[in-house]
Amino acid sequence: MSRQQREYPYTLFLIPGALAFLAVIVVPSLMNTGISFTHWQGVGTPEWAGLDNYRTLLDDDAFWESFRHSLAMVVAMAAIPTALGLVLAAGLFDFVGKHFGSRTASVLRACFYLPQVLPIAVAGIVWSWILAPEDGALNDLLKAVGLGSLRHDWLGDPDLALYSVMGVMVWVQLGFPLVVFMAGLQRVDPALYEAAELDGASWWRRFWHVTLPQIRPEISVVLLWCTIAALKVFGAVYVLTKGGPGGATNVPSYFSFQSFFETTQVGYGSAVSTVLTVIILALALVALRLQTRAEDQER
Amino acid sequence: MRALRRYPVLAALIVAAVLMVLPFLVVALNAVKSPAEYSANGPLSLPKGLYLDGIADFWERVDFGQKLINSVLISGSVAIGAAVLSVLNAYAIGIGRVKGRPWVLAFFVLANMLPQEALVYPVYYLSKEVGLYDTRLSVILVFIVIQAAFGTYLFSSVLGAFPREIVEAARIDGANKWQVLWRVVVPVSRPTIGVLLVFFFIWTWNEFLLPLVMLISNDNQTVSVALGVLQGQRLMDATMTNAAALLGVVPAVIFFLIFQRTLTRGIAAGAVK
(Lines give C-alpha, C1' and ligand atoms only; values in the text may rest on other atoms or scores of the structure.)
Protein backbone atom coordinates (compact mmCIF):
# COMPACT_ATOMS: atom_id res chain seq x y z
CA MET A 1 0.00 0.00 0.00
CA SER A 2 2.74 2.45 0.91
CA ARG A 3 4.49 1.68 -2.39
CA GLN A 4 1.39 2.50 -4.35
CA GLN A 5 0.91 5.82 -2.61
CA ARG A 6 4.40 6.95 -3.52
CA GLU A 7 3.85 6.09 -7.16
CA TYR A 8 2.53 8.61 -9.71
CA PRO A 9 -1.25 8.68 -10.20
CA TYR A 10 -3.10 7.36 -13.25
CA THR A 11 -4.02 10.94 -14.18
CA LEU A 12 -0.47 11.32 -15.47
CA PHE A 13 -1.33 9.07 -18.41
CA LEU A 14 -3.97 11.58 -19.49
CA ILE A 15 -1.55 14.49 -19.82
CA PRO A 16 -0.37 13.91 -23.43
CA GLY A 17 -3.95 13.39 -24.50
CA ALA A 18 -5.16 16.46 -22.64
CA LEU A 19 -2.51 18.69 -24.20
CA ALA A 20 -3.13 17.34 -27.70
CA PHE A 21 -6.90 17.80 -27.38
CA LEU A 22 -6.43 21.29 -26.03
CA ALA A 23 -4.31 22.29 -29.04
CA VAL A 24 -6.28 20.58 -31.80
CA ILE A 25 -9.89 20.52 -30.59
CA VAL A 26 -10.58 22.89 -27.70
CA VAL A 27 -8.63 25.99 -28.77
CA PRO A 28 -9.67 25.87 -32.46
CA SER A 29 -13.35 25.30 -31.69
CA LEU A 30 -13.38 28.14 -29.15
CA MET A 31 -11.62 30.35 -31.69
CA ASN A 32 -14.23 29.40 -34.27
CA THR A 33 -17.02 30.45 -31.92
CA GLY A 34 -15.15 33.66 -31.14
CA ILE A 35 -14.66 34.48 -34.83
CA SER A 36 -18.39 34.03 -35.41
CA PHE A 37 -18.95 37.23 -33.42
CA THR A 38 -16.68 39.25 -35.69
CA HIS A 39 -16.37 40.53 -39.23
CA TRP A 40 -13.13 39.14 -40.59
CA GLN A 41 -11.65 38.56 -44.03
CA GLY A 42 -8.97 36.19 -42.76
CA VAL A 43 -6.29 38.89 -42.74
CA GLY A 44 -5.79 41.86 -40.44
CA THR A 45 -7.62 42.26 -37.15
CA PRO A 46 -11.10 40.82 -36.74
CA GLU A 47 -13.66 43.52 -36.05
CA TRP A 48 -16.17 42.90 -33.26
CA ALA A 49 -19.67 42.48 -34.67
CA GLY A 50 -21.70 41.05 -31.81
CA LEU A 51 -24.60 39.03 -33.13
CA ASP A 52 -24.47 40.59 -36.61
CA ASN A 53 -23.52 37.38 -38.40
CA TYR A 54 -26.29 35.45 -36.69
CA ARG A 55 -28.83 38.13 -37.61
CA THR A 56 -27.71 38.04 -41.26
CA LEU A 57 -27.95 34.26 -41.13
CA LEU A 58 -31.59 34.33 -40.08
CA ASP A 59 -32.47 36.41 -43.15
CA ASP A 60 -30.24 34.52 -45.54
CA ASP A 61 -32.31 32.33 -47.85
CA ALA A 62 -29.19 30.45 -48.96
CA PHE A 63 -28.56 29.45 -45.34
CA TRP A 64 -32.08 28.15 -44.78
CA GLU A 65 -32.02 26.36 -48.08
CA SER A 66 -28.79 24.60 -47.15
CA PHE A 67 -30.41 23.38 -43.93
CA ARG A 68 -33.45 22.15 -45.84
CA HIS A 69 -31.04 20.15 -47.99
CA SER A 70 -29.57 18.78 -44.77
CA LEU A 71 -32.97 17.33 -43.98
CA ALA A 72 -32.99 15.72 -47.41
CA MET A 73 -29.59 14.24 -46.56
CA VAL A 74 -31.01 12.87 -43.30
CA VAL A 75 -33.70 11.11 -45.33
CA ALA A 76 -31.11 9.78 -47.78
CA MET A 77 -28.46 8.79 -45.24
CA ALA A 78 -30.43 7.85 -42.13
CA ALA A 79 -34.11 7.08 -42.85
CA ILE A 80 -33.86 5.19 -46.15
CA PRO A 81 -30.67 3.20 -45.39
CA THR A 82 -32.05 2.20 -41.99
CA ALA A 83 -35.36 0.98 -43.44
CA LEU A 84 -33.71 -0.78 -46.39
CA GLY A 85 -30.94 -2.10 -44.18
CA LEU A 86 -33.47 -3.69 -41.81
CA VAL A 87 -35.29 -5.53 -44.56
CA LEU A 88 -32.08 -6.62 -46.28
CA ALA A 89 -30.44 -7.70 -43.01
CA ALA A 90 -33.50 -9.72 -42.01
CA GLY A 91 -33.65 -11.28 -45.49
CA LEU A 92 -29.97 -12.15 -45.45
CA PHE A 93 -30.18 -13.53 -41.93
CA ASP A 94 -33.47 -15.45 -42.14
CA PHE A 95 -33.43 -16.78 -45.67
CA VAL A 96 -29.88 -16.76 -46.98
CA GLY A 97 -27.96 -17.35 -43.75
CA LYS A 98 -30.19 -20.18 -42.59
CA HIS A 99 -30.78 -22.00 -45.86
CA PHE A 100 -27.79 -21.24 -48.05
CA GLY A 101 -25.02 -21.02 -45.48
CA SER A 102 -23.46 -18.11 -43.64
CA ARG A 103 -20.74 -17.90 -46.28
CA THR A 104 -23.23 -16.88 -48.98
CA ALA A 105 -24.73 -14.36 -46.57
CA SER A 106 -21.37 -12.80 -45.76
CA VAL A 107 -20.37 -12.53 -49.44
CA LEU A 108 -23.63 -10.69 -50.14
CA ARG A 109 -23.13 -8.53 -47.06
CA ALA A 110 -19.67 -7.63 -48.36
CA CYS A 111 -21.18 -6.39 -51.64
CA PHE A 112 -23.47 -4.04 -49.75
CA TYR A 113 -20.69 -2.84 -47.49
CA LEU A 114 -18.10 -2.13 -50.20
CA PRO A 115 -19.16 1.50 -50.92
CA GLN A 116 -18.62 2.29 -47.23
CA VAL A 117 -14.84 1.78 -47.45
CA LEU A 118 -14.53 3.83 -50.63
CA PRO A 119 -13.15 7.36 -50.21
CA ILE A 120 -16.08 9.69 -50.80
CA ALA A 121 -14.02 11.57 -53.39
CA VAL A 122 -13.70 8.38 -55.41
CA ALA A 123 -17.40 7.57 -55.05
CA GLY A 124 -18.04 11.09 -56.33
CA ILE A 125 -15.87 10.55 -59.41
CA VAL A 126 -17.58 7.25 -60.18
CA TRP A 127 -21.07 8.69 -59.90
CA SER A 128 -20.49 12.01 -61.59
CA TRP A 129 -19.37 10.04 -64.63
CA ILE A 130 -22.29 7.58 -64.45
CA LEU A 131 -24.72 10.49 -64.14
CA ALA A 132 -23.03 12.67 -66.77
CA PRO A 133 -25.47 14.09 -69.36
CA GLU A 134 -23.54 13.45 -72.60
CA ASP A 135 -21.61 10.23 -72.34
CA GLY A 136 -22.65 8.94 -68.91
CA ALA A 137 -23.46 5.31 -68.31
CA LEU A 138 -26.97 5.85 -66.95
CA ASN A 139 -28.23 7.87 -69.91
CA ASP A 140 -26.61 5.41 -72.27
CA LEU A 141 -28.31 2.53 -70.49
CA LEU A 142 -31.68 4.27 -70.67
CA LYS A 143 -31.24 4.77 -74.39
CA ALA A 144 -30.16 1.16 -74.88
CA VAL A 145 -33.32 -0.21 -73.24
CA GLY A 146 -35.56 2.14 -75.19
CA LEU A 147 -36.24 4.63 -72.42
CA GLY A 148 -34.32 7.40 -74.11
CA SER A 149 -36.99 9.93 -73.18
CA LEU A 150 -36.02 9.50 -69.51
CA ARG A 151 -32.49 10.74 -70.10
CA HIS A 152 -31.61 13.75 -67.98
CA ASP A 153 -28.78 15.95 -66.88
CA TRP A 154 -28.96 14.26 -63.50
CA LEU A 155 -26.56 16.52 -61.62
CA GLY A 156 -27.00 19.66 -63.72
CA ASP A 157 -30.77 20.05 -63.59
CA PRO A 158 -31.73 22.17 -60.55
CA ASP A 159 -34.94 20.17 -60.09
CA LEU A 160 -33.17 16.81 -60.15
CA ALA A 161 -29.71 17.40 -58.71
CA LEU A 162 -30.73 17.04 -55.07
CA TYR A 163 -32.50 13.74 -55.74
CA SER A 164 -29.49 12.45 -57.66
CA VAL A 165 -27.16 13.32 -54.78
CA MET A 166 -29.60 11.66 -52.37
CA GLY A 167 -29.57 8.50 -54.48
CA VAL A 168 -25.78 8.40 -54.41
CA MET A 169 -25.80 8.86 -50.63
CA VAL A 170 -28.20 5.94 -50.15
CA TRP A 171 -25.76 3.80 -52.12
CA VAL A 172 -22.84 5.04 -50.02
CA GLN A 173 -24.54 4.64 -46.66
CA LEU A 174 -26.58 1.44 -46.95
CA GLY A 175 -23.79 -0.93 -45.89
CA PHE A 176 -23.39 0.55 -42.42
CA PRO A 177 -26.90 -0.14 -41.05
CA LEU A 178 -26.90 -3.52 -42.79
CA VAL A 179 -23.74 -4.71 -41.04
CA VAL A 180 -24.82 -3.40 -37.64
CA PHE A 181 -28.27 -4.98 -37.94
CA MET A 182 -26.88 -8.33 -39.06
CA ALA A 183 -24.64 -8.38 -36.00
CA GLY A 184 -27.63 -7.40 -33.86
CA LEU A 185 -29.82 -10.18 -35.24
CA GLN A 186 -27.36 -12.80 -34.02
CA ARG A 187 -28.10 -11.65 -30.51
CA VAL A 188 -31.84 -12.37 -30.78
CA ASP A 189 -32.95 -15.50 -28.93
CA PRO A 190 -33.97 -18.17 -31.53
CA ALA A 191 -36.67 -19.39 -29.11
CA LEU A 192 -38.62 -16.18 -29.81
CA TYR A 193 -38.73 -17.01 -33.51
CA GLU A 194 -39.74 -20.58 -32.85
CA ALA A 195 -42.58 -19.42 -30.64
CA ALA A 196 -43.76 -17.02 -33.36
CA GLU A 197 -43.55 -19.78 -35.93
CA LEU A 198 -45.60 -22.15 -33.76
CA ASP A 199 -48.23 -19.45 -33.51
CA GLY A 200 -48.34 -19.48 -37.30
CA ALA A 201 -47.06 -15.93 -37.71
CA SER A 202 -46.07 -14.93 -41.24
CA TRP A 203 -42.57 -13.70 -41.98
CA TRP A 204 -43.71 -10.08 -42.06
CA ARG A 205 -45.57 -10.35 -38.77
CA ARG A 206 -42.56 -12.00 -37.18
CA PHE A 207 -40.29 -9.30 -38.60
CA TRP A 208 -42.60 -6.59 -37.23
CA HIS A 209 -43.36 -8.07 -33.82
CA VAL A 210 -40.19 -9.98 -32.94
CA THR A 211 -37.21 -8.76 -34.94
CA LEU A 212 -37.83 -5.02 -34.78
CA PRO A 213 -38.46 -4.76 -31.02
CA GLN A 214 -35.48 -7.02 -30.31
CA ILE A 215 -32.93 -4.91 -32.17
CA ARG A 216 -34.37 -1.54 -31.20
CA PRO A 217 -31.15 -0.44 -29.46
CA GLU A 218 -29.21 -0.97 -32.70
CA ILE A 219 -31.85 0.89 -34.69
CA SER A 220 -31.78 3.99 -32.53
CA VAL A 221 -27.98 4.11 -32.41
CA VAL A 222 -27.75 3.67 -36.19
CA LEU A 223 -30.39 6.34 -36.82
CA LEU A 224 -28.66 8.91 -34.67
CA TRP A 225 -25.21 8.06 -35.93
CA CYS A 226 -26.34 8.31 -39.57
CA THR A 227 -28.21 11.55 -38.89
CA ILE A 228 -25.03 13.11 -37.56
CA ALA A 229 -23.11 11.83 -40.60
CA ALA A 230 -25.81 13.31 -42.86
CA LEU A 231 -25.49 16.74 -41.24
CA LYS A 232 -21.73 16.65 -41.82
CA VAL A 233 -21.84 15.74 -45.54
CA PHE A 234 -19.18 17.67 -47.40
CA GLY A 235 -17.03 15.57 -49.72
CA ALA A 236 -19.90 14.19 -51.78
CA VAL A 237 -21.32 17.62 -52.45
CA TYR A 238 -17.90 19.04 -53.24
CA VAL A 239 -17.12 16.36 -55.79
CA LEU A 240 -20.58 15.82 -57.30
CA THR A 241 -22.06 19.29 -57.64
CA LYS A 242 -20.08 21.93 -55.69
CA GLY A 243 -23.41 22.85 -54.15
CA GLY A 244 -24.92 23.69 -57.52
CA PRO A 245 -26.57 24.19 -59.84
CA GLY A 246 -27.42 27.56 -58.34
CA GLY A 247 -27.26 26.30 -54.76
CA ALA A 248 -29.72 23.47 -55.46
CA THR A 249 -27.59 20.97 -53.52
CA ASN A 250 -25.79 23.25 -51.08
CA VAL A 251 -25.45 21.96 -47.51
CA PRO A 252 -24.32 23.81 -44.35
CA SER A 253 -20.83 22.33 -44.33
CA TYR A 254 -20.23 23.30 -47.95
CA PHE A 255 -21.85 26.67 -47.31
CA SER A 256 -19.41 27.41 -44.49
CA PHE A 257 -16.49 26.16 -46.61
CA GLN A 258 -17.52 28.62 -49.34
CA SER A 259 -17.73 31.45 -46.85
CA PHE A 260 -14.28 30.60 -45.44
CA PHE A 261 -12.29 30.06 -48.61
CA GLU A 262 -14.23 31.42 -51.58
CA THR A 263 -15.98 34.59 -50.42
CA THR A 264 -13.57 34.98 -47.43
CA GLN A 265 -16.35 36.00 -45.08
CA VAL A 266 -14.66 34.11 -42.28
CA GLY A 267 -16.89 35.49 -39.53
CA TYR A 268 -20.01 34.46 -41.38
CA GLY A 269 -18.63 31.00 -42.17
CA SER A 270 -17.81 30.54 -38.49
CA ALA A 271 -21.36 31.46 -37.53
CA VAL A 272 -22.73 28.84 -39.95
CA SER A 273 -20.38 26.15 -38.63
CA THR A 274 -21.15 27.12 -35.03
CA VAL A 275 -24.87 26.61 -35.62
CA LEU A 276 -24.11 23.26 -37.26
CA THR A 277 -21.90 22.29 -34.31
CA VAL A 278 -24.57 23.12 -31.76
CA ILE A 279 -27.13 20.98 -33.58
CA ILE A 280 -24.75 18.04 -33.95
CA LEU A 281 -23.55 18.16 -30.34
CA ALA A 282 -27.16 18.28 -29.12
CA LEU A 283 -27.91 15.15 -31.16
CA ALA A 284 -24.69 13.54 -29.92
CA LEU A 285 -25.77 14.11 -26.32
CA VAL A 286 -29.09 12.42 -27.06
CA ALA A 287 -27.20 9.51 -28.65
CA LEU A 288 -24.98 9.24 -25.60
CA ARG A 289 -27.94 9.19 -23.21
CA LEU A 290 -29.67 6.51 -25.28
CA GLN A 291 -26.56 4.38 -25.38
CA THR A 292 -25.93 4.56 -21.64
CA ARG A 293 -29.55 3.66 -21.03
CA ALA A 294 -29.35 0.69 -23.41
CA GLU A 295 -26.19 -0.50 -21.67
CA ASP A 296 -27.81 -0.15 -18.26
CA GLN A 297 -30.72 -2.27 -19.42
CA GLU A 298 -28.35 -4.97 -20.59
CA ARG A 299 -26.86 -5.29 -17.13
CA MET B 1 -44.48 -23.07 -49.19
CA ARG B 2 -41.55 -21.82 -47.21
CA ALA B 3 -38.97 -23.66 -49.29
CA LEU B 4 -40.49 -22.26 -52.46
CA ARG B 5 -40.07 -18.73 -51.21
CA ARG B 6 -36.38 -19.08 -50.41
CA TYR B 7 -35.22 -18.89 -53.99
CA PRO B 8 -37.05 -15.70 -55.00
CA VAL B 9 -35.72 -14.00 -51.86
CA LEU B 10 -32.19 -15.19 -52.61
CA ALA B 11 -32.55 -14.04 -56.22
CA ALA B 12 -33.82 -10.60 -55.15
CA LEU B 13 -30.95 -10.17 -52.70
CA ILE B 14 -28.40 -11.23 -55.31
CA VAL B 15 -29.84 -8.72 -57.79
CA ALA B 16 -29.65 -5.99 -55.14
CA ALA B 17 -26.05 -6.93 -54.30
CA VAL B 18 -25.09 -6.89 -57.98
CA LEU B 19 -26.65 -3.42 -58.34
CA MET B 20 -24.48 -2.24 -55.44
CA VAL B 21 -21.24 -3.41 -57.07
CA LEU B 22 -22.31 -2.59 -60.63
CA PRO B 23 -20.76 0.90 -60.59
CA PHE B 24 -17.39 -0.67 -59.75
CA LEU B 25 -17.70 -3.15 -62.60
CA VAL B 26 -18.70 -0.49 -65.13
CA VAL B 27 -15.75 1.64 -64.06
CA ALA B 28 -13.30 -1.25 -64.42
CA LEU B 29 -14.78 -2.01 -67.85
CA ASN B 30 -14.33 1.52 -69.12
CA ALA B 31 -10.93 2.19 -67.59
CA VAL B 32 -9.41 -0.32 -70.03
CA LYS B 33 -10.99 1.16 -73.18
CA SER B 34 -9.24 3.57 -75.50
CA PRO B 35 -10.88 7.00 -75.92
CA ALA B 36 -11.68 6.14 -79.54
CA GLU B 37 -13.38 2.93 -78.54
CA TYR B 38 -15.31 4.74 -75.83
CA SER B 39 -16.66 7.39 -78.17
CA ALA B 40 -17.49 4.81 -80.83
CA ASN B 41 -19.26 2.22 -78.68
CA GLY B 42 -20.26 4.11 -75.54
CA PRO B 43 -19.89 3.10 -71.90
CA LEU B 44 -21.88 -0.13 -72.00
CA SER B 45 -19.95 -2.13 -74.58
CA LEU B 46 -17.41 -4.73 -73.55
CA PRO B 47 -13.80 -3.65 -74.11
CA LYS B 48 -12.19 -5.18 -77.18
CA GLY B 49 -8.80 -5.49 -75.55
CA LEU B 50 -6.81 -4.28 -72.61
CA TYR B 51 -5.94 -0.65 -73.20
CA LEU B 52 -3.78 0.38 -70.27
CA ASP B 53 -2.39 3.63 -71.68
CA GLY B 54 -5.24 5.62 -70.11
CA ILE B 55 -4.33 4.37 -66.66
CA ALA B 56 -0.61 4.87 -67.29
CA ASP B 57 -1.22 8.41 -68.62
CA PHE B 58 -3.26 9.33 -65.63
CA TRP B 59 -0.72 7.79 -63.25
CA GLU B 60 2.02 9.94 -64.73
CA ARG B 61 -0.02 13.10 -65.07
CA VAL B 62 -0.98 13.27 -61.42
CA ASP B 63 2.19 11.55 -60.15
CA PHE B 64 -0.04 8.95 -58.56
CA GLY B 65 2.86 7.07 -56.96
CA GLN B 66 3.66 10.13 -54.88
CA LYS B 67 -0.01 10.46 -53.88
CA LEU B 68 -0.04 6.85 -52.75
CA ILE B 69 3.12 7.38 -50.70
CA ASN B 70 1.58 10.48 -49.10
CA SER B 71 -1.65 8.66 -48.26
CA VAL B 72 0.19 5.64 -46.81
CA LEU B 73 2.53 7.88 -44.83
CA ILE B 74 -0.25 10.04 -43.42
CA SER B 75 -2.73 7.22 -42.71
CA GLY B 76 -0.02 4.96 -41.26
CA SER B 77 1.40 7.63 -38.94
CA VAL B 78 -2.07 8.63 -37.83
CA ALA B 79 -3.06 5.02 -37.13
CA ILE B 80 -0.02 4.42 -34.93
CA GLY B 81 -0.07 7.80 -33.22
CA ALA B 82 -3.79 7.67 -32.53
CA ALA B 83 -3.55 4.11 -31.21
CA VAL B 84 -0.79 5.13 -28.76
CA LEU B 85 -2.76 8.16 -27.60
CA SER B 86 -5.96 6.08 -27.25
CA VAL B 87 -4.12 3.45 -25.20
CA LEU B 88 -2.69 6.06 -22.80
CA ASN B 89 -6.05 7.79 -22.35
CA ALA B 90 -7.98 4.57 -22.01
CA TYR B 91 -5.51 3.16 -19.49
CA ALA B 92 -6.16 6.09 -17.17
CA ILE B 93 -9.92 5.97 -17.74
CA GLY B 94 -10.66 2.25 -18.01
CA ILE B 95 -8.15 0.78 -15.57
CA GLY B 96 -7.06 3.79 -13.53
CA ARG B 97 -10.71 4.88 -13.16
CA VAL B 98 -9.66 8.51 -12.74
CA LYS B 99 -12.06 10.93 -11.08
CA GLY B 100 -14.85 12.36 -13.22
CA ARG B 101 -14.54 9.44 -15.62
CA PRO B 102 -17.99 9.80 -17.27
CA TRP B 103 -17.26 13.47 -18.00
CA VAL B 104 -13.86 12.74 -19.47
CA LEU B 105 -15.44 10.05 -21.66
CA ALA B 106 -18.27 12.34 -22.74
CA PHE B 107 -15.69 14.94 -23.71
CA PHE B 108 -13.91 12.49 -26.00
CA VAL B 109 -17.16 11.38 -27.65
CA LEU B 110 -18.20 14.98 -28.31
CA ALA B 111 -14.74 15.78 -29.65
CA ASN B 112 -15.19 12.89 -32.09
CA MET B 113 -18.63 14.09 -33.18
CA LEU B 114 -17.56 17.70 -33.66
CA PRO B 115 -17.96 18.69 -37.32
CA GLN B 116 -14.59 19.46 -38.87
CA GLU B 117 -16.08 22.64 -40.29
CA ALA B 118 -15.87 24.06 -36.78
CA LEU B 119 -12.13 23.37 -36.62
CA VAL B 120 -11.00 23.90 -40.15
CA TYR B 121 -10.49 27.65 -40.27
CA PRO B 122 -8.67 28.04 -36.95
CA VAL B 123 -6.53 24.99 -37.74
CA TYR B 124 -5.73 26.49 -41.14
CA TYR B 125 -4.92 29.86 -39.60
CA LEU B 126 -2.88 28.53 -36.66
CA SER B 127 -0.87 26.15 -38.83
CA LYS B 128 0.06 29.09 -41.05
CA GLU B 129 1.18 31.00 -37.96
CA VAL B 130 3.47 28.20 -36.78
CA GLY B 131 4.75 27.32 -40.26
CA LEU B 132 3.05 23.93 -40.53
CA TYR B 133 0.65 24.88 -43.34
CA ASP B 134 0.84 22.64 -46.39
CA THR B 135 2.88 19.99 -44.58
CA ARG B 136 1.88 16.37 -44.17
CA LEU B 137 2.87 16.68 -40.51
CA SER B 138 0.03 19.15 -39.83
CA VAL B 139 -2.57 16.73 -41.17
CA ILE B 140 -1.02 13.84 -39.24
CA LEU B 141 -1.12 15.76 -35.95
CA VAL B 142 -4.71 16.88 -36.36
CA PHE B 143 -6.00 13.44 -37.32
CA ILE B 144 -4.10 11.68 -34.55
CA VAL B 145 -6.19 13.69 -32.12
CA ILE B 146 -9.50 13.35 -33.99
CA GLN B 147 -9.15 9.57 -34.39
CA ALA B 148 -7.88 9.14 -30.82
CA ALA B 149 -11.15 10.66 -29.62
CA PHE B 150 -13.01 7.64 -30.96
CA GLY B 151 -10.24 5.24 -29.95
CA THR B 152 -10.26 6.48 -26.37
CA TYR B 153 -14.01 5.98 -26.14
CA LEU B 154 -13.96 2.46 -27.55
CA PHE B 155 -10.81 1.28 -25.79
CA SER B 156 -11.91 2.70 -22.41
CA SER B 157 -15.01 0.56 -22.43
CA VAL B 158 -12.94 -2.49 -23.40
CA LEU B 159 -10.44 -1.83 -20.61
CA GLY B 160 -13.28 -1.18 -18.18
CA ALA B 161 -14.00 -4.90 -18.47
CA PHE B 162 -10.31 -5.88 -18.25
CA PRO B 163 -9.79 -8.64 -15.63
CA ARG B 164 -8.60 -6.83 -12.49
CA GLU B 165 -6.82 -9.95 -11.21
CA ILE B 166 -4.25 -9.75 -13.98
CA VAL B 167 -3.43 -6.13 -13.15
CA GLU B 168 -3.34 -6.86 -9.41
CA ALA B 169 -1.07 -9.87 -9.91
CA ALA B 170 1.42 -7.83 -11.93
CA ARG B 171 1.35 -5.06 -9.29
CA ILE B 172 2.07 -7.56 -6.52
CA ASP B 173 5.01 -8.82 -8.56
CA GLY B 174 6.38 -5.30 -8.31
CA ALA B 175 5.55 -3.88 -11.73
CA ASN B 176 4.81 -0.15 -11.79
CA LYS B 177 1.94 1.36 -13.74
CA TRP B 178 4.00 2.04 -16.83
CA GLN B 179 5.24 -1.57 -16.91
CA VAL B 180 1.74 -2.95 -16.34
CA LEU B 181 0.50 -0.96 -19.32
CA TRP B 182 3.13 -2.06 -21.84
CA ARG B 183 3.84 -5.58 -20.59
CA VAL B 184 0.37 -6.71 -19.53
CA VAL B 185 -2.50 -4.55 -20.80
CA VAL B 186 -1.22 -3.86 -24.32
CA PRO B 187 -0.22 -7.47 -25.15
CA VAL B 188 -3.52 -8.83 -23.84
CA SER B 189 -5.52 -6.22 -25.79
CA ARG B 190 -3.67 -6.74 -29.06
CA PRO B 191 -6.79 -7.79 -31.04
CA THR B 192 -8.65 -4.59 -30.10
CA ILE B 193 -5.64 -2.45 -30.89
CA GLY B 194 -5.41 -4.17 -34.27
CA VAL B 195 -9.02 -3.30 -35.01
CA LEU B 196 -8.36 0.34 -34.03
CA LEU B 197 -5.30 0.52 -36.28
CA VAL B 198 -7.27 -0.68 -39.31
CA PHE B 199 -10.19 1.64 -38.62
CA PHE B 200 -7.90 4.64 -38.14
CA PHE B 201 -5.96 3.84 -41.28
CA ILE B 202 -9.02 3.54 -43.52
CA TRP B 203 -10.80 6.54 -42.01
CA THR B 204 -7.75 8.75 -42.44
CA TRP B 205 -7.25 7.45 -45.99
CA ASN B 206 -10.82 8.53 -46.82
CA GLU B 207 -10.70 11.96 -45.14
CA PHE B 208 -11.40 14.85 -47.45
CA LEU B 209 -12.14 18.30 -46.01
CA LEU B 210 -9.10 18.94 -43.80
CA PRO B 211 -6.54 17.48 -46.23
CA LEU B 212 -8.19 19.49 -49.02
CA VAL B 213 -7.69 22.71 -47.08
CA MET B 214 -4.30 21.92 -45.59
CA LEU B 215 -2.45 20.25 -48.47
CA ILE B 216 -2.16 22.71 -51.32
CA SER B 217 0.96 21.65 -53.16
CA ASN B 218 0.89 18.66 -55.48
CA ASP B 219 3.73 16.92 -53.69
CA ASN B 220 1.83 16.70 -50.41
CA GLN B 221 -1.65 15.75 -51.57
CA THR B 222 -3.33 12.48 -50.70
CA VAL B 223 -5.10 10.18 -53.16
CA SER B 224 -8.53 11.42 -52.05
CA VAL B 225 -7.66 15.08 -52.36
CA ALA B 226 -5.88 14.75 -55.70
CA LEU B 227 -8.79 12.84 -57.23
CA GLY B 228 -11.39 15.16 -55.72
CA VAL B 229 -9.63 18.29 -56.93
CA LEU B 230 -9.18 16.90 -60.44
CA GLN B 231 -12.82 15.97 -60.58
CA GLY B 232 -13.80 19.43 -59.35
CA GLN B 233 -11.83 21.05 -62.17
CA ARG B 234 -13.81 19.03 -64.77
CA LEU B 235 -10.76 18.62 -67.00
CA MET B 236 -10.89 14.88 -67.46
CA ASP B 237 -12.47 13.05 -70.39
CA ALA B 238 -14.52 9.92 -69.80
CA THR B 239 -11.72 7.36 -70.11
CA MET B 240 -9.41 9.34 -67.88
CA THR B 241 -12.19 9.72 -65.32
CA ASN B 242 -12.57 5.96 -65.30
CA ALA B 243 -8.83 5.42 -64.99
CA ALA B 244 -8.83 7.84 -62.04
CA ALA B 245 -11.78 6.11 -60.44
CA LEU B 246 -10.24 2.67 -60.88
CA LEU B 247 -6.98 3.80 -59.29
CA GLY B 248 -8.97 5.21 -56.38
CA VAL B 249 -11.08 2.07 -56.01
CA VAL B 250 -8.25 -0.48 -56.04
CA PRO B 251 -6.59 0.50 -52.72
CA ALA B 252 -10.03 0.69 -51.09
CA VAL B 253 -10.87 -2.82 -52.25
CA ILE B 254 -7.53 -4.11 -50.98
CA PHE B 255 -8.15 -2.57 -47.54
CA PHE B 256 -11.65 -3.92 -47.65
CA LEU B 257 -10.38 -7.49 -47.92
CA ILE B 258 -8.08 -6.93 -44.93
CA PHE B 259 -10.83 -5.07 -43.10
CA GLN B 260 -13.32 -7.93 -43.52
CA ARG B 261 -11.01 -10.31 -41.70
CA THR B 262 -10.11 -7.86 -38.96
CA LEU B 263 -13.75 -7.02 -38.38
CA THR B 264 -14.69 -10.66 -37.84
CA ARG B 265 -11.67 -11.11 -35.59
CA GLY B 266 -12.67 -7.98 -33.66
CA ILE B 267 -16.24 -9.17 -33.17
CA ALA B 268 -14.95 -12.60 -32.12
CA ALA B 269 -12.72 -10.94 -29.54
CA GLY B 270 -15.71 -9.01 -28.28
CA ALA B 271 -13.98 -5.78 -29.14
CA VAL B 272 -16.44 -4.05 -31.41
CA LYS B 273 -19.78 -3.43 -29.84
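This report walks through a predicted model of two chains, A and B.

**Confidence in chain A**

Start with how far chain A can be trusted. Its mean pLDDT is 87, and 96% of its residues reach 70 or more. Residues 1-5 of chain A fall below 50. Beyond near neighbours in sequence, that stretch makes 0 contacts in the model.

**Annotated spans**

UniProt, in an unreviewed entry, lists residues 67-287 of chain A as "domain: ABC transmembrane type-1". For chain B, an unreviewed entry lists residues 7-29, 68-91, 103-125, 137-159, 180-205 and 240-259 under "transmembrane region". The table sets three of these annotated spans against the model.

| Span | Helix | Strand | Distance between end C-alpha atoms |
|---|---|---|---|
| Residues 67-287, chain A | 76% | 0% | 21 Å |
| Residues 137-159, chain B | 100% | 0% | 30 Å |
| Residues 240-259, chain B | 100% | 0% | 29 Å |

**A covered helix in chain A**

How many residues of helix H6 of chain A are buried? The count is 11 of 11, so this helix, residues 120-130, is mostly covered; a residue counts as buried if 20 or more other C-beta atoms lie within 10 Å of its own. Among the buried residues of H6(A) are Val122(A), Gly124(A), Trp127(A), Ser128(A) and Trp129(A).

**The largest nonpolar core**

Val122(A) also appears in the largest nonpolar core. That core holds 157 residues, and Val122(A) and Tyr91(B) touch the most other members. Which helix gives the core its largest share? Helix H7 of chain B, residues 136-160, does, with 15 residues.

Now look at Tyr91(B). Leaving out residues up to four places away in sequence, Tyr91(B) touches Phe13(A) in the other chain. Within chain B, Tyr91(B) touches Gly96(B), Leu159(B), Leu181(B) and Val185(B).

**Where the chains meet**

The contact between the chains takes 70 residues from chain A and 67 residues from chain B. On chain B, several helices each supply at least two residues of the side that touches chain A. They include H1 (2-31), H4 (64-95), H7 and H10 (190-206). H13(B) gives the largest share, 13 residues.

What kinds of residue make up this side of chain B? They divide into 51 nonpolar, 13 polar and 3 charged.

**Pulling it together**

Two helices of chain B are worth finding on screen. H7(B) gives the largest share of the largest nonpolar core. H13(B) gives the largest share of the side of chain B that touches chain A. In chain A, look for H6(A), with its 11 buried residues.

Terms used: Residues are numbered from 1 along each chain as its sequence is written. Chains are lettered from A and ligands numbered from 1 in the order in which they are written. This is a predicted model: local features need pLDDT of at least 70, side-chain atom pairs count only at pLDDT 80 or more; totals for chains, interfaces and linings use all residues. UniProt positions are given in the numbering used here, feature names are shortened, and annotations may be inferred rather than shown by experiment. Helices (H or I, at least four residues) and strands (E, at least two) are DSSP runs, numbered from the N terminus. A residue is buried if 20 or more other C-beta atoms lie within 10 Å of its own, exposed if 12 or fewer, and partly exposed in between; C-beta atoms are placed from the backbone. A nonpolar core is a set of buried Ala, Val, Leu, Ile, Met, Phe, Trp, Tyr and Cys residues joined through C-beta atoms within 7 Å. Two residues are in contact if their C-beta atoms, placed from the backbone, lie within 7 Å. Ala, Val, Leu, Ile, Met, Phe, Trp, Tyr, Cys and Pro count as nonpolar, Asp, Glu, Lys and Arg as charged, and the others, Gly among them, as polar. pLDDT is the predictor's confidence in each residue, from 0 to 100.
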